[in-house]
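Reader: I have a two-part request. Explain the labels used for this structure, and show the reasoning behind each.

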Amino acid sequence: MGEIFDLLALGLLHAFEPLNFAMIIAGCMAGLFIGAMPGLGSVNGVAILLPVTFLVPPTAAIIFLAALYYGAMYGGAISSITLGIPGASTAVATVFDGRPMAQKGEANQALMAAAVASFIGGTISIVLFTLFAPPLADVALKFGSQEEFALMILAFATFIGLGGDDIPKTIFSILLGLVLAAVGFDIISGKPRLIFFDMVEFQRGIGFLVLAIGIYGIGEMLWTLEQTGGKVKLDFVKTTWKEFRQHLRVIKKYLPTTSLGSGLGFFVGTLPAAGATPASLMAYGLAKTFSKDPETFGKGNIAGVAAPEAANNAASTGSMLPMITLGIPGSPTTAILLGGMIIWGLRPGPLLFQNNPDFVWSLIGSMYVANFVTVALNLALIPIFVRVLAMPFTILTPIIFILCFVGVFATTDRMFDVWLMLALGAGGYLLRKLNYPVAPAVLAIVLGPLAERSMRQSLISSQGDLTTFINPAEHPIALGCILIAIVLMLYPIWLNIHRKRAARSGGESHWQG
Amino acid sequence: MSTRTAELLAAIGLLVFSLGMMWSIHADGLQIGWVPGRGPGSGVWPFWLSLGMALTSVWTVVRWFRKTTSESRNETPYIDPDHLPLVAVSFIGLTVMVVLVSFVGTYISIALFLGFYMRVIGKHSWGLTTATVIGMVLMVYFLFEWQLSKYLPKGLPIFEDGFLWIDNFRWTYLM
């Protein structure tokens with residue numbers, strides 16, 4: 001236990017180094033802005049800015065992106081409350097009560113509640129992260145390829161079970177990502193596979209970043225252009241220090257709800273693939289269920305803002321836990337972070353704790369600092385952010401497009417990948433309109449090579465025995481993961497039988513973190 | 001085109017795509033079963049997963065006929081006709097920009113695209129447009145070429161020579 005404190009202290013020290021601290025501030029500001037802009041969420045920010053982070057060493061890069069992830073959770077609430085448009089899918093639940101509060105003239109109160117709740121969510125989850133990470137990494141050291149494969153099955157099952165989307169289309173999306181990951185040369189046999197139209201360029205495979213930026217950069221902008229026609233409408237907000245203190249007192253009442261949201265958020269975040277989006281929605285539902293006056297939810301109840309905001313911040317930290325310790329992303333954003341780490345030459349997983357403790361603990365230390373920095377920036381800069389939201393889409397859109405183009409080219413040095421990005425972006429947008437979820441495909445393309453390798457290694461070592469994955473004597477953890485996966489996959493069928501579910505519209509379940 | 005039609009076309013298209021991949025694996029002669037003494041063949045992963053994709057696409061087509069998904073019942077236009085021009089122009093503009101890069105280079109293409117978008121679609125003032133274009137070009141140059149040392153495409157030799165002059169200047173006097 002004492003050792004953890006030592007490592008954490010070291011991490012905090014690293015977090016205050018000039019470059020790293022500058023990264024925290026830059027990341028928080030970028031995240032706040034990106035989260036606040038309607039249509040852009042943490043996943044878009046991380047995808048589009050990943051190429052830019054090659055400027056700095058990997059530790060600084062991940063600190064920047066993690067701070068961005070954080071900032072986006074705070075920022076999402078700004079747009080939800082003042083515009084009624086979720087800043088990102090992670091802030092959808094905040095609209096339910098945040099917008100009515102703004103319409104009643106209580107926008108300040110709502111924004112304050114969101115900021116404080118986010119801070120509490122972040123703090124609780126970082127402490128939980130610090131406590132759970134080392135033991136989990138120890139357990140993961142004992143993982144073999146069967147356990148790895150079973151965990152990935154669990155990750156995909158979470159999308160199917162908790163995604164809330166059309167099941168066959170979700171399955172299609174996952175399989176598509178896994179297959180696209182196989183384009184190129186087979187690592188084990190060295191043979192070329194799926195070289196579309198015999199184009200030599202496909203031999204290098206389809207990079208996950210090309211897909212990620214295509215979908216979350218190009219596709220997202222096309223989607224938002226279509227949804228909003230490039231126009232957004234603003235309710236202006238002013239803050240004063242006196243009001244700030246008043247609001248703080250009111251928020252103290254909601255501490256239990258906020259803590260509940262934080263805990264729930266953290267654990268949902270740690271589930272592979274499920275991130276801040278389902279966490280915030282669940283927290284809202286739970287807060288309403290346990291409330292003394294549930295009928296006020298949807299009309300401007302502060303708990304309806306505090307709970308999901310605490311949950312989404314907690315979930316963003318929680319989703320980094322499986323990524324760092326197991327090498328399985330806990331959310332779409334961490335899937336991209338994982339891809340980034342692979343590009344930087346780091347292999348997330350239990351060995352990372354052993355081989356690169358500086359990296360891991362600097363990241364953890366930076367999360368504590370980022371939490372404080374973001375809440376301070378958020379509260380201080382709300383008036384500015386609200387003005388910035390008025391930035392016309394007709395300026396933002398071409399800038400994002402240009403950044404996507406240059407970012408992809410800078411990463412791969414091939415125009416071919418730029419064209420691929422355009423094609424995948426357009427394709428992703430068109431399929432998303434038909435309720436095909438795209439987040440599972442991005443997750444799948446990141447995990448695809450690892451999943452295939454685990455599967456083949458498992459089968460080779462078991463001499464073709466498929467039951468190796470569910471053998472209770474040899475691989476109990478794998479069996480456990482597969483059982484949970486089956487339960488998760490059956491969950492929607494159970495829901496369908498017990499409740500009449502109205503068909504969900506496409507936009508809600510587009511996960512941006 | 002209604003959403004309903006798009007749903008069917010997409011499902012059929014994806015089905016054909018999946019079958020195409022299965023055929024490609026077969027045509028390449030990759031093993032889709034267990035290779036004795038070696039393990040799963042290289043075709044196992046892509047083939048059986050593509051089969052899964054094909055089956056889910058078939059399932060979606062079946063559901064289209066039975067009208068179980070909300071998309072299959074949706075007769076409203078696939079893309080919002082009010083906003084379709086904006087979406088189309090944005091995407092086509094982006095494509096044109098990428099094409100131009102091979103001819104006039106990255107920076108001129110970026111400037112043209114951004115200028116076009118802000119002036120023609122956004123109807124912003126010349127002042128704002130010029131400022132943003134210059135700012136963007138400088139930012140991209142500074143960030144990607146200078147700091148990240150990436151060589152962005154400069155187009156045909158006539159244009160490339162111009163940029164080489166800028167690079168020479170930078171290397172000689174600024175670094």
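Author: A residue counts as exposed if 12 or fewer other C-beta atoms lie within 10 Å of its own, and as buried if there are 20 or more. Keep in mind that this is a predicted model.

Reader: Why is A:Asp198 called exposed?

Author: A:Asp198 has 9 other C-beta atoms within 10 Å. The cut-off for exposed is 12 or fewer. A:Asp198 is therefore exposed. The residue is in the loop between strand E2 (192-193) and H9 of chain A. A:Asp198 is not a glycine, yet its phi is positive, about 55°.

Reader: What makes B:Lys67 exposed?

Author: Apply that cut-off of 12 or fewer again. B:Lys67 has 11 other C-beta atoms within 10 Å, so it is exposed. B:Lys67 is in the loop between helix H2 (44-66) and helix H3 (70-73) of chain B. B:Lys67 also has a positive phi, about 60°, although it is not a glycine.

Reader: Why is the largest nonpolar core said to lie between domain 1 and domain 2 of chain B?

Author: Domain 1 (3-73) and domain 2 (84-174) of chain B both give residues to the largest nonpolar core, so this core lies between them. The C-alpha centres of the two domains are 41 Å apart. The core has 219 residues, and A:Ala66 and A:Val442 touch the most other members. Helix H6 (residues 107-141) of chain A gives the most to this core, with 18 residues.

Reader: Which residues does A:Ala66 touch, leaving out those up to four places away in sequence?

Author: They are A:Gly27, A:Met320, A:Leu363, A:Ser366, A:Met367 and A:Ala370. Touching here means C-beta atoms within 7 Å.

Reader: How many residues of each chain are in contact across the A and B interface?

Author: On chain A there are 51, against 54 on chain B. H17(A) gives the most to the chain A side, with 11 residues. By class, that side has 35 nonpolar, seven polar and nine charged residues.

Reader: What is the packing geometry of H11 and H12 of chain A?

Author: Helix H11 (residues 255-270) and helix H12 (residues 276-289) of chain A pack at about 145°, with axes 9 Å apart. H11(A) passes H12(A) in a right-handed crossing. Their contact includes A:Leu260 and A:Gly261 of H11(A), and A:Met282 and A:Ala283 of H12(A).

Reader: How do the residues of that contact divide by class?

Author: The contact of H11(A) with H12(A) has 10 nonpolar residues, four polar and no charged. Gly counts as polar, so A:Gly261 falls in the polar class.

Note on methods: Residues are numbered from 1 along each chain as its sequence is written. Chains are lettered from A and ligands numbered from 1 in the order in which they are written. This is a predicted model: local features need pLDDT of at least 70, side-chain atom pairs count only at pLDDT 80 or more; totals for chains, interfaces and linings use all residues. Two residues are in contact if their C-beta atoms, placed from the backbone, lie within 7 Å. Helices (H or I, at least four residues) and strands (E, at least two) are DSSP runs, numbered from the N terminus. A nonpolar core is a set of buried Ala, Val, Leu, Ile, Met, Phe, Trp, Tyr and Cys residues joined through C-beta atoms within 7 Å. Domain bounds come from an automatic or database domain assignment. Axes are lines fitted to C-alpha atoms, for helices over the stretch in contact, and angles run from 0 to 180 degrees between N-to-C directions. A crossing is left-handed if the near helix is turned anticlockwise from the far one by less than a right angle, and right-handed if clockwise.
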